[in-house]
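Q: I'd like to take a close look at one part of this model with you. Let's start with the whole thing and then zoom in.

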Amino acid sequence: MHERGKSDSPVVPAKPSNKAGRPAAEAVEERGLAEGNTDDLSRPGRSAGPGVSSGLDRVREVARRDKDARFTALLHHVDLNRLRSAYWAIRPQAAPWVDKVTWGAFGVGLEDKLRDLHQRVQSGSYRASPSRRVYIEKADGRLRPLGIATLEDKIVQRAVVEVLKAIYEEDFLGLSYGFRPGRGPHDALDALTVGIERRRVNWVLDADVKEFFTSLDHDWLTRFVEHRVADKRVLRLIRKWLNAGVIEDGEWSQSEVGAPQGASASPLLANVYLHYVLDRWVRQWRRRHAHGDMVIVRFADDFVAGFEHKSDAEQFLVDLRERFSNFGLELHPDKTRLIEFGRNAARDRAARGDGKPETFDFLGFTHFCGKNKRGGFWLKRKTISKRMRAKLAEVKNQIKRRQRLPIPEQGKWLGSVVLGHLAYYAVPGNTDAVAAFRDEVIRYWLKALRRRSQRTRVNWDRMSLYVNRWLPPARPMHPFPSVRFNVRTQGRSPVR
């Protein structure tokens, strides 16, 4: 490890505070307490490689038990079976690379191709190809760059990531939810809601990391991975992916920083980066500097933090900017906001004549202060308006393209669209928004059907038959966050 890595290492454990018990916010952010003293650090310098069995269970066990273990022999876990599983896990409809090799074409003679790929990976002759850069439009109109890898690169990356997860899933903290097995956006939303509703949160930091995936420092990322991975062949593979570059408009360019957003390895590498730069630092900062309650939930590079005291929030933001600058990251100056938010926000702002509390967006929902039927505080959520408008525009265009198809075929497709929207957005308190989405889809569909013929017989009565047959009703499809959160953490959370 270089001197820079030693002097600035972000992995120095913080001394816990002497408060009795653990703060209730830990129920939102941290894993439940494991049996035995698994948090103790073993002696430094221990190697976990040579004695590890071929199965990943042994890797997980050593990673959990010894937080200083560095794994020196991992590549043999990337065997033929794991490569085969990685191929079958790739979406058949995934966009091909510039070589036009699709998932189906690669599957012709699959076993021979996988054996050849396995031999090249194990011998070191495997070469990573540059990513093909494409752009997709975001809900706000901006373009997001994506990197499309070759089928071979996707397969190898997925297989290696599966092995590395056995280590890092034992290291990652409970506040991290993005791109992790058994954790999804609604788990993060539940945790944030429960944290703000149950703790003394009066201020919320809505943070946005500026161009995160294109800003990752390769040197720092390599050092972070080396905290746990000492297998030189695995480290060499990661460097190959990072340094392969991109092809855009037929021109190759080198990637000195960043990781291709869309590559199979990028989500894990991003989580590793933020685990050391943000998550562990946040845990230390809260123990050492916070004077009141604090909660934080992160999903990939998107995170929200809640504070009891404004002074804590302001100091955290100052320290966070400095922390990020040391590792090549920056908070977006226009999208990072500290707002007054929580159970007392409406009352306090009304007393000062400041109007209603501000809102913040997180994972597709606008969060705002509301009241339940008993008059108590309720963190309410509704679909982000820009997201819904963008989705409706997309559906409208698709309906026009499909308007000549048989009505049953259109109905089945639109039913899947509405059901998919409900499956994500139909949370308690958001029924009006999902109903508005469904109503707008029905209007688009009626208009398209009436355009099929000047002598159309499609009226609202007939349309009701189509709607009742194929479109699901707008009703909540998720429980209240506290219910699902309690079930998820039962028996593991240190605080009930």
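How much area does the protein expose, and what share of it do carbon and sulfur atoms supply? After that, please walk me through helix α16, residues 431-450.

A: The protein exposes about 24,800 Å² (Shrake-Rupley, 1.4 Å probe), and 48% of that comes from carbon and sulfur atoms. Keep in mind that this is a predicted model, where local features need pLDDT of at least 70, side-chain atom pairs need 80 or more, and totals for chains, interfaces and linings use all residues. Residues are numbered from 1 along each chain as its sequence is written, and side-chain values use heavy atoms, with hydrogens and water left out.

Across its 496 residues, 48% are buried, that is, under 20% relative accessible area with a 1.4 Å probe, protein chains only. The protein has 18 helices and eleven strands, taken as DSSP runs (H or I, at least four residues; E, at least two) and numbered from the N terminus.

Now for α16. Its 20 residues should span 28 Å at 1.5 Å a residue (times one less than the number of residues), and its end C-alpha atoms sit 28 Å apart, so the two agree. The buried side of the story starts with A433, V434, F437 and R438, then carries on through V441, I442, Y444 and W445, and finishes with L446, A448 and L449. So who covers these residues? Strand β11 (377-383) is part of the cover, and so are α14 (385-402), α15 (407-425) and α17 (460-470), where contact means heavy atoms within 4.5 Å.

How values were computed: Buried means under 20% relative accessible area, exposed over 50%, partly exposed in between (1.4 Å probe, protein chains only).
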